Amino acid sequence: MVAVDRGELAVLHAAAVLGVEMEPGLLPAVSELPAAEVDGALDRLARDGVLVPDDGTGRWRFAGETARARAYAAAGAGWRRGAHARAAAALRERGASAVRFADHLVRAGELGDGPAGELVSAAARMRWRDPLAAARWLAFAMHDSAGSAGSAGRAGSAGGIGGGSVSAVAVRVRLAEALAAGGELDAARAALAELPAAGRLRVRALVTACRVGLATGGYPEAIALAQRELDGGHPVLLAHVAVARALDGDPAGARALAEKAIGEPAVAGGALALVRCLDGAYPEAAAAADGAGEAVDGLTDAELVPRLEGAAWLCLADVLLGRPALALRRVGRAVRLARQRRQVLPLGWLLLSGGLAALVHGELAG
């Protein structure tokens, strides 16, 4: 390390805890040094080229991720835990969103003065932006609440996490959803080992189980799990089970299910178009694809992210209908969003449909 002065090292380590970029106003609290001493250390670190001020934002940043990683490792595990706790406390005092300090809480290994519900709320906001970050926060909220309750059993009850209003059962379902979206399918399946008994939470859990089953080829298991709920008219669940049945070799049964899915036109419509294609009903499939395409094209990016699998099924249907150029246009947008938002599970479907569309389009163009 370039810095040798103890104060410089403390500021450098504190900066590393805050990230590649950081707000200098947080450094006194994290480093436990007076503001004047921090300012002097920043000047010297800038002169040495370790930290660089951004005059446009008032923030400071490391010269590169490697420099930050070396500084972070050199700080020592025990000191880092306390520094992350201080960073979380300082951000909370400033009124920052829990999204900004959730990782600090996890790395500190304790929630400090804040409720676990903060992490649960932060995870809900992060689920469609970085699902594995959301999963980390949810898993820690459950673990920390179990420890503070004195037993894992109490945290697994219907009571609220950390005394909050969100039940432990609901948090487990959200954890499974986030893990599945991030591609951690075995972990998602483990989180669903105990399904909710009834209600909307059970439907959400079953949708996630179907998503995992579709991604892993476990079509019969997904169908069997959801069988009890198919009369409830839940369009997203019906759509997933319909696709599972079609891929399991029952396109006629799949079509009957998909035609019951009323609502959620981007998801249910994409499923209906695909299963009608697989059942050989191409004119009806084209009509369904046109309706689903209008729904997908009308969605904002934020609205489309939770419906990416429906877009992928629609694109597959368009390929089977001989409309690969249309499929390529839609799949390009959907793949970009899936990558930006780290939605690994639907990305597999999208890459499959995009690859087939490109292959067929090339053949037609040739």
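**Exercise 1.** In this predicted model, determine whether Ser167 counts as buried or exposed.

*Solution.* The relative accessibility of Ser167 is 16%. Buried means under 20%, so Ser167 counts as buried. As to its setting, Ser167 belongs to the loop that runs between helix 9 (152-155) and helix 10 (168-181). Its side chain reaches the backbone nitrogen of Ala170 at 3.1 Å. For a separation across the chain, take Glu294, 127 residues apart from Ser167 in sequence: the two C-alpha atoms are separated by 38 Å.

**Exercise 2.** Classify Arg68 by burial and identify the backbone oxygen that its side chain reaches.

*Solution.* Arg68 is a residue of helix 4 (residues 65-74). Its relative accessibility is 19%, and therefore Arg68 counts as buried, the cut-off being under 20%. The side chain of Arg68 reaches the backbone oxygen of Ala16 at 2.8 Å. With neighbours within four places in sequence left aside, the contacts of Arg68 are Ala16, Val17, Gly19, Val20 and Phe62.

**Exercise 3.** Describe how helix 19 and helix 20 are oriented to each other and which residues meet.

*Solution.* Helix 19 comprises residues 308-320 and helix 20 residues 324-340; their axes come within 8 Å and cross at roughly 160°. Angles over 145 degrees count as roughly antiparallel, so helix 19 and helix 20 are roughly antiparallel to each other. The crossing is left-handed. From helix 19, Leu308, Leu314, Cys315, Asp318 and Val319 take part, meeting Pro324, Leu326, Ala327, Arg330, Val331, Ala334 and Ala338 of helix 20. Sorted by class, this contact has 10 nonpolar, no polar and 2 charged residues.

Definitions and conventions:
Residues are numbered from 1 along each chain as its sequence is written. This is a predicted model: local features need pLDDT of at least 70, side-chain atom pairs count only at pLDDT 80 or more; totals for chains, interfaces and linings use all residues. Side-chain values use heavy atoms; hydrogens and water are left out. Helices (H or I, at least four residues) and strands (E, at least two) are DSSP runs, numbered from the N terminus. Buried means under 20% relative accessible area, exposed over 50%, partly exposed in between (1.4 Å probe, protein chains only). A polar contact is a pair of N or O atoms within 3.5 Å; within protein, one must be able to donate a hydrogen and the other to accept it, and residues adjacent in sequence count only if both atoms are side-chain atoms. Axes are lines fitted to C-alpha atoms, for helices over the stretch in contact, and angles run from 0 to 180 degrees between N-to-C directions. Angles under 35 degrees count as roughly parallel, over 145 as roughly antiparallel, 65 to 115 as roughly perpendicular and the rest as oblique. A crossing is left-handed if the near helix is turned anticlockwise from the far one by less than a right angle, and right-handed if clockwise. Contact means heavy atoms within 4.5 Å. Ala, Val, Leu, Ile, Met, Phe, Trp, Tyr, Cys and Pro count as nonpolar, Asp, Glu, Lys and Arg as charged, and the others, Gly among them, as polar.
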